[in-house]
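Colleague: I am new to this model and should like a close look at one part of it, the clustered aromatic rings. Please then set that part in its surroundings.

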Amino acid sequence: MITTTYSLLLTLLLTSGVVAAQTPAVIGVAGAAGTVGVASSTDIAGKQVSTEENEWISYRNTYRAMIWFEKYGKPKNFIQQHYRFIPKEKNASVEHLTLSLRSRTLQLDLPLDAYGRASIPLMKTAYDENAELRLNRKLDAYTRQPWISLISRPDGLYDASDLRTACNQALDYLRYIGDTSVNNKKCTGVKFTYLHTAADVILKFKSTGQSSTWAEVTDKHGATITNVGNYKSITYQFAAWSQQGQILSATAPLTIDPVFE
């Protein structure tokens, strides 16, 4: 049985502005989101910019893709949406990657986290002015897509039942937008991902009860720390542990992604 994570599946295709406005964005189809072009040689402040390094994505097309999550009416209290840039080169870093929103009257910097994710504001002015999302690198070096992940907790402590609920919320949303890659799939776990330089990457589980003790998640079913590019991950498999208990991440994860199979 092949395990598929949302982080490996989630790719957006918008065939045209008309189609995107009428139907949900399809996730799981290889391709890039939105209309891509080369930025003009002068920005809204009149400053000269490099057309080689500054390329743009249509804000309107990105808006149409992102708005489906905002309009989604089913439970989503454990999940969140970002827009992510994934380097096509395996070991490439998103360090120093910057994104900005520019239009006739707007100029906003949109910070990217260490996982290449940005929060795209849903702004009527930006939509009306056909704003551009500009990257300071060549766009064809990155896969760009909406990204659904679990909301992390600052204390690193998660109820096992909440993680199961969160995974199912993500699966329900994917089905809502018509992602065929999750057809006949079910939630089997969640994946905690950290920077490869992070220390104390340990995930522990404790069953409900005063006499229970913490056990490392990697102790069961061959679950080990995996390294991909600049990240390392631990997958917590639901079937290996009791439904009643808690998960503790000693280090704050960059992201927690649902796992389907």
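**The ring cluster and its surroundings**

Modeller: The rings of W68, F69, Y72, Y173 and Y176 are linked by ring pairs into one cluster. This is a predicted model, and the description below should be read in that light. Two helices contribute to the cluster: W68 and F69 belong to helix 3, which spans residues 59-71, while Y173 and Y176 belong to helix 5, which spans residues 160-176.

Helix 3 offers a way from the cluster to a sheet. The helix lies across strand 6 and strand 11, and its direction makes an angle of about 145° with strand 6. The sheet in question is open and has 3 strands in the order 9-6-11, paired in antiparallel fashion. Strand 9 (117-118) and strand 11 (142-150) are the edge strands; each has a single partner strand, so one side of each has no neighbour in the sheet. Strand 6, residues 79-87, is joined to the antiparallel strand 11 by 9 bridges.

One residue of strand 6 illustrates how these two strands are matched. The bridge partner of R84 in strand 11 is Q145. The side chain of R84 also has an aromatic companion, since its charged end sits over the ring of W147, 4.5 Å from the ring centre. A comparable arrangement involves a residue of helix 3: the charged end of R60 sits over the ring of Y127, at 5.3 Å from its centre.

Helix 5, the other helix of the cluster, leads to the interior. In soluble globular proteins, nonpolar side chains tend to be buried together. Here the largest nonpolar core has 34 residues, among which L163, V190, F192, Y236 and I247 touch the most other members. At least two residues of this core come from each of helix 3, strand 11, helix 5, strand 13 (187-195), strand 14 (203-207), strand 17 (231-237) and strand 19 (255-260). Helix 5 supplies the largest share, 8 residues. A second core, separate from this one, has 24 residues and includes M66, V94, L112 and L133. Helix 3 is thus represented in both cores, for it supplies at least two residues of the largest core, and M66 of the second core lies within its span of residues 59-71.

I247 shows what such a core position looks like from a single residue. Beyond its neighbours within four places in sequence, I247 is in contact with several residues, including L163, F192 and Y236 as well as W214 and V217. G156, L157 and Y158 are also among these contacts, as are L203, K204 and F205.

The ring cluster is part of a wider set of aromatic pairings. A search of the whole structure finds 14 aromatic pairs. One of them joins Y115 and Y231 edge-to-face, with 5.0 Å between the centres and 75° between the planes. Y115 lies in the loop between strand 8 (107-110) and strand 9, Y231 lies in strand 17, and 116 residues separate the two along the chain. Both partners are buried, Y115 at 5% relative accessibility and Y231 at 15%.

From helix 5 the chain passes through a loop to strand 13, and N184 is found in that loop. With a relative accessible area of 81%, N184 is exposed. The C-alpha atom of N184 is 8.3 Å from that of E261, although these positions lie 77 residues apart along the chain. Strand 13 itself is joined to the antiparallel strand 19 by 6 bridges, and C187 stands opposite F260 of strand 19.

Strand 19 is mostly covered, with 6 of its 6 residues buried. In a regular strand the side chains alternate between the two faces of the sheet. In strand 19, T255, D257 and V259 point one way and I256, P258 and F260 the other, and all are buried.

Finally, the whole protein gives the setting for these parts. Its secondary structure comprises 5 helices and 19 strands. Of its 261 residues, 47% are buried. Among contacts between residues at least 6 apart in sequence, 73% join residues at least 24 apart; the pair of Y115 and Y231 likewise links distant parts of the chain.

Technical notes
Residues are numbered from 1 along each chain as its sequence is written. This is a predicted model: local features need pLDDT of at least 70, side-chain atom pairs count only at pLDDT 80 or more; totals for chains, interfaces and linings use all residues. Side-chain values use heavy atoms; hydrogens and water are left out. Two strands pair if DSSP finds at least two bridges between them. Helices (H or I, at least four residues) and strands (E, at least two) are DSSP runs, numbered from the N terminus. Contact means heavy atoms within 4.5 Å. Axes are lines fitted to C-alpha atoms, for helices over the stretch in contact, and angles run from 0 to 180 degrees between N-to-C directions. A nonpolar core is a set of buried Ala, Val, Leu, Ile, Met, Phe, Trp, Tyr and Cys residues joined through side-chain atoms within 4.5 Å. Buried means under 20% relative accessible area, exposed over 50%, partly exposed in between (1.4 Å probe, protein chains only). Rings of Phe, Tyr and Trp (its six-membered ring) pair if their centres lie within 6.5 Å; planes under 30 degrees apart count as stacked, over 60 as edge-to-face and the rest as tilted. A charge sits over a ring if NZ of Lys or CZ of Arg is within 6 Å of the ring centre and within 35 degrees of the ring normal.
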